[in-house]
Amino acid sequence: MNISKDAGKIVGVFGWAKFRFIGCIVCAVIFIGVAILCFSLMNIPTSREAAHGGAYFDTTGWPVSPFILFMSVGGGLLILAAITLFVARSVKAKYTFTVYEGGIASRCGGKETYIPFRDIEDVYLFSVGRGNYSGELNSLAYRKSRQNDWIIISLLNTDSEKLISLFRQLHAEQRSRALQEKIEQGQKVRFDYVSAKNVWLKRAFALRIADYLKIDASLKPLYLTKEGIVIDEKNIVINKTDCITNDSWVENLYVLDSHGSKKFPMMFPTIISGDAFITTLNNLIKAKD
């Protein structure tokens, strides 16, 4: 892995939460152990004569034979063990991360990839689990460009909240500087967004994290220029007296004019790289004469 000289110092290292994984493995081992015990009890004699003086089961009043009972219980425990092992695999995060001052390195299957924050075009924030109901943005996916696969930061990573907060802060600062340079040169910079309907549908019906990331077909462009915002072929001129308000990490983003009227309302989680968008737009407003 080649890490840029501009990467700077390591800010944090984030693995995956091993407690749930180890807990699942321990439970599976217990299930298998008890199942083996059940199978060993299947052939214990059910009468004194058959036992020849050894141990036996007095099955008087038993609804089923010990063979059927222990075989059923042992088989059921093996099925539970298999399910628990499957769950153990699913609670193991796919990626682990090392965060540098200037970028982030992800490790997956022995392969490590480093990307400077300023070069990360797409950052997608979304809600999974209980966050679906509260709107808490507790998961993040990023990629260098649309030609690359998403890299996922989830609740399965250790200190995921701290990792996501750190990523958002560093990416917004450094990506916005790179975009500001292009805007000052007279270029328009592109962001993308998805519909609010798309976000709500995924919160309601997505079953896997991969389902949340199936958004490419529905992405629409959103541009920032020296003059302001271009969206759906509409030009929204930004003035020095405008200001941005948003519900922090949650839902709505507004650009207000000097009278408090909404010039640009949008649901924050629908904007890809929304933090970089807000930071860049704030810089544009401050740069107005």
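**How many bridges join β1 to strand β2, and in which sense do the two run?**

Before we start: this is a predicted model, in which local features need pLDDT of at least 70, side-chain atom pairs count only at pLDDT 80 or more, and totals for chains, interfaces and linings use all residues. Residues are numbered from 1 along each chain as its sequence is written, and side-chain values use heavy atoms, leaving out hydrogens and water.

*Solution.* Find β2 at residues 96-100. Strands here are DSSP runs (E, at least two residues) and helices are runs of H or I with at least four, numbered from the N terminus. Now look across to β1: four bridges join the pair, and they run antiparallel. Two strands count as paired if DSSP finds at least two bridges between them. For one example, V13 has T98 in β2 as its bridge partner.

**Exercise 2. Place β1 in its sheet and find the helix that packs there.**

*Solution.* Start with the order: β1-β2-β3-β4, an open sheet of four strands with antiparallel pairing. Next, check the edges. β1 (10-14) and β4 (111-116) each have a single partner strand, so one side of each has no neighbour in the sheet. Neighbouring strands are turned by 15 degrees against each other on average, direction ignored. Then bring in α5, which packs on this sheet and touches β1, β2 and β3 (103-108); contact means heavy atoms within 4.5 Å. The direction of α5 makes about 40 degrees with that of β2, using axes fitted to C-alpha atoms (for helices, over the stretch in contact) and angles from 0 to 180 degrees between N-to-C directions.

**Exercise 3. Work out the sheet that contains β8.**

*Solution.* The order is β8-β9-β10-β11, again an open sheet with antiparallel pairing. Its edge strands are β8 (189-193) and β11 (234-237), each pairing on one side only. Neighbouring strands here are turned by 25 degrees on average, direction ignored. Now zoom in: β8 pairs with β9 (residues 220-224) over five bridges, and D192 has P221 as its partner in β9. Finally, helix α8 (residues 274-287) lies across β8, β9 and β10 (228-231), at about 30 degrees to β9.

**Exercise 4. Explore the largest nonpolar core.**

*Solution.* A nonpolar core is a set of buried (under 20% relative accessible area, 1.4 Å probe, protein chains only) Ala, Val, Leu, Ile, Met, Phe, Trp, Tyr and Cys residues joined through side-chain atoms within 4.5 Å. The largest has 44 residues, and F264 and F277 are among those touching the most other members. Helix α5 (residues 160-184) gives the most, seven residues. Leaving out residues up to four places away in sequence, F264 touches residues including L222, I229 and F277. A second, separate core has 13 residues, among them V128 and M267.

How values were computed: Buried means under 20% relative accessible area, exposed over 50%, partly exposed in between (1.4 Å probe, protein chains only).
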